[in-house]
Amino acid sequence: MSAAAMQTGAEGEAAAFVEGMTAAVEPLELEANLAAWEAAAGAGDEATARATRARGALRGLFTDAEGARRVRAWLDSGQIADPLLRRQLHLLDEEFTRNRLPRETIDDLVNRQAELERLFYGFRAELGGERVSNNQLLDVLSTERDSSVRRAAWDASKQIGAQVAEPLRELVRRRNAAARSIGFRDAYAMDLHLQEIDEAELFAIMDGLRDGSDAPFAAFRAELDREMGPRFGLAVDALRPWHWEDPFSQQAPAMGDVDLDRWFGGRDPVPLATEFFGGIGLGVEKILARSDLYEREGKDQHAFCQDVDRKGDVRILCNLRPNEKWTSTLLHELGHAVYDEALPLDLPFLLRQPAHILTTESVAMYFGRLTREPAWLREVVGAQVSDAEAREIRGQSRAAMLIAARWMLVMVYFERELYRDPDRADLNRVWWELVERLQLVRYPEARPDGTEWASKIHLSLSPVYYHNYLLGEMMASQVSAAIRRETGLPPERSVGGEPRVGAFFRDRIFAPGASVPWNEHLQRATGEPLDPRWFVEQFVEA
């Protein structure tokens with residue numbers, strides 16, 4: 001017997017409506033996810049077109065004004081006592097709100113984003129007259145000492161920006177127009193609202209982290225610059241973005257005497273990750289068997305996790321290499337994957353998803369951090385790490401997180417400015433002013449009308465998302481503290497081989513799905529709502 005048949009009155013009507021919507025959503029979401037996966041894996045324009053059609057049809061389900069009115073009326077009536085039914089109605093209300101638009105507007109937005117996907121997925125930079133992959137560009141930035149060669153590789157990494165800048169501006173213009181037509185200031189404000197994030201509270205957290213990390217970051221950067229300058233035979237004020245090993249200066253360059261790749265180089269990350277997750281009771285063999293793990297021509301060069309059907313078909317896409325960076329990325333994506341795979345099948349379909357974007361990001365970040373934890377290196381990787389090396393690795397970990405956090409602030413502040421005025425001609429100036437202010441990376445030669453800003457894929461394919469990475473890092477620190485507190489694991493012990501860690505995630509984080517709002521979910525899991533102090537204590541004040 002269906003849930004709707006067991007309920008009466010307003011609840012029965014609402015439950016029947018939810019069942020009907022679920023029956024319509026499920027096959028379209030499946031088709032969109034499968035086609036999007038195939039497109040990212042290199043299947044070409046036909047797969048992209050299928051994904052676009054399915055996404056358009058899926059959004060079209062939520063253009064029904066009468067359906068939207070009924071959902072809002074049930075929520076406002078006070079007659080829906082069943083908390084799971086009420087939560088499903090709330091999630092449907094968010095989708096109806098987002099899609100309170102003419103069908104032609106929805107189709108236009110979906111098609112424009114699909115075109116940006118096509119450009120990014122198929123793009124390969126040109127360097128020295130040859131098509132090269134992102135990994136090949138990173139190889140140059142990791143090993144080359146000649147500044148002119150490094151700059152050529154860095155410039156190549158930004159070539160995609162020239163192709164996507166104007167299509168992205170136009171998409172932002174149209175997203176803003178759509179959002180304003182339904183009563184929001186712009187699409188940025190709308191997306192935050194529908195993510196259940198208060199914009200003022202978000203930027204209070206961002207401003208607090210910015211101001212609180214200014215001094216320690218400046219001190220760290222001065223030390224790093226003193227190390228980087230001699231490496232390239234340059235004065236500190238001559239260092240530029242291409243002297244970093246990451247094209248966006250978002251990841252820490254090699255520093256100090258400890259090279260983590262001495263323990264990861266030449267080692268396939270997959271067996272290591274498989275053994276680790278199995279040891280904490282979150283097996284990943286089935287996930288990996290469905291996944292696309294190694295680089296090849298025509299494939300998306302990034303990494304992501306895809307829950308295809310909310311029934312256990314979870315897979316990840318990577319471009320693995322035997323190094324610390326890709327091992328960390330694999331652990332990160334498997335963090336998303338074990339979350340999706342563990343969602344209980346007895347939850348209603350609409351609630352069979354993570355509590356929030358930042359919640360799944362927090363899990364991924366928790367696991368991705370482990371490659372810079374001395375105890376994990378010793379116990380899981382089998383590395384012979386001396387006490388002196390452990391101290392240096394902990395310093396590297398703090399430095400890496402400071403660098404990442406300041407980069408995330410650049411993205412959060414810039415994206416708000418992009419949506420405030422996508423027509424301003426000097427967006428590149430805004431970008432580089434933020435980079436210099438927050439990352440202390442100088443590029444005074446940058447053209448105000450350049451397109452380096454547009455080369456960051458998330459602005460095109462994951463709009464109004466990046467703040468969730470930084471909130472996720474904060475939540476990861478809070479969860480980490482709760483796990484240590486509840487399991488009694490001492491700081492010198494790794495979580496490797498500890499099933500209680502997997503049980504904490506499975507029971508406290510994964511099991512509720514999206515049945516409650518994210519901050520309530522976090523309070524139930526850790527005993528308190530999101531508190532940045534755990535992150536600050538771990539990485540800023542350490």
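1. Which elements are included in what covers the buried residues of α6? In this predicted model, the cover of those residues includes the strands β1 (125–127) and β2 (130–132), together with α7 (147–157) and α14 (324–342). The residues of α6 that are buried are N135, L137, L138, V140 and L141.

2. One of these buried residues, L141, also lines the second largest cavity. The other lining residues there are S142, R145, R150, R231, F232, H243, E245 and P253. Two elements, α6 (134–143) and α10 (199–232), each contribute two or more residues to this lining. By class, the lining holds four charged, three nonpolar and two polar residues. The space inside the second largest cavity is about 30 Å³.

3. The model has two cavities of 30 Å³ or more, and the largest has a volume of about 60 Å³. Its lining consists of 13 residues, and P247, F248, W431, W432 and V435 are the ones nearest the centre of the cavity. Helix α18 (residues 427–439) supplies the largest share of this lining, namely four residues. Nine of the lining residues of the largest cavity are nonpolar, two are polar and two are charged.

4. Helix α10, mentioned above for the second largest cavity, also contains R221. Is R221 buried or exposed? The relative accessibility of R221 is 4%, so this residue counts as buried; the cut-off for a buried residue is under 20%. The side chain of R221 makes a polar contact of 2.6 Å with the side chain of D225. Leaving aside residues up to four places away in sequence, R221 touches W244, Q439, L440 and V441.

5. T371 lies in a loop, the one between α15 (357–368) and α16 (374–381). T371 counts as buried because its relative accessibility is 0%. A polar contact of 2.6 Å links the side chain of T371 to that of E324. E324 also appears among the residues that T371 touches when residues up to four places away in sequence are not counted. The others on that list are L260, F264, T327, S328, L331, W376 and L377.

6. Why does C305 form no disulfide? The closest cysteine sulfur to that of C305 belongs to C318 and is 9.4 Å away, which is too far for a bond. C318 is likewise in no disulfide, as the sulfur of C305 is the nearest cysteine sulfur to its own. For the reader's reference, a disulfide requires the two sulfur atoms to be within 2.5 Å. The count of disulfides in the model is zero. C318 is also buried, because its relative accessibility is 0%.

7. The last point concerns F96, a residue of helix α4 (residues 83–98). F96 has a relative accessible area of 2%, and therefore it is buried. Apart from residues up to four places away in sequence, F96 touches F17, M21, L61, F62, D64, G67, A68 and V71. A further comparison along the chain involves A73, which is 23 residues from F96. The C-alpha atoms of F96 and A73 are 13 Å apart.

Definitions and conventions: Residues are numbered from 1 along each chain as its sequence is written. This is a predicted model: local features need pLDDT of at least 70, side-chain atom pairs count only at pLDDT 80 or more; totals for chains, interfaces and linings use all residues. Side-chain values use heavy atoms; hydrogens and water are left out. On a 1 Å grid over the protein atoms alone, a cavity is a set of points where a 1.4 Å probe fits but cannot get out, and a pocket is an open set with protein on both sides within 12 Å along at least five of seven lines; lining residues have an atom within 4 Å of a point. Grid points are joined across faces, edges and corners, and a volume is the space filled by probe spheres set on the points. Ala, Val, Leu, Ile, Met, Phe, Trp, Tyr, Cys and Pro count as nonpolar, Asp, Glu, Lys and Arg as charged, and the others, Gly among them, as polar. Buried means under 20% relative accessible area, exposed over 50%, partly exposed in between (1.4 Å probe, protein chains only). A polar contact is a pair of N or O atoms within 3.5 Å; within protein, one must be able to donate a hydrogen and the other to accept it, and residues adjacent in sequence count only if both atoms are side-chain atoms. Contact means heavy atoms within 4.5 Å.
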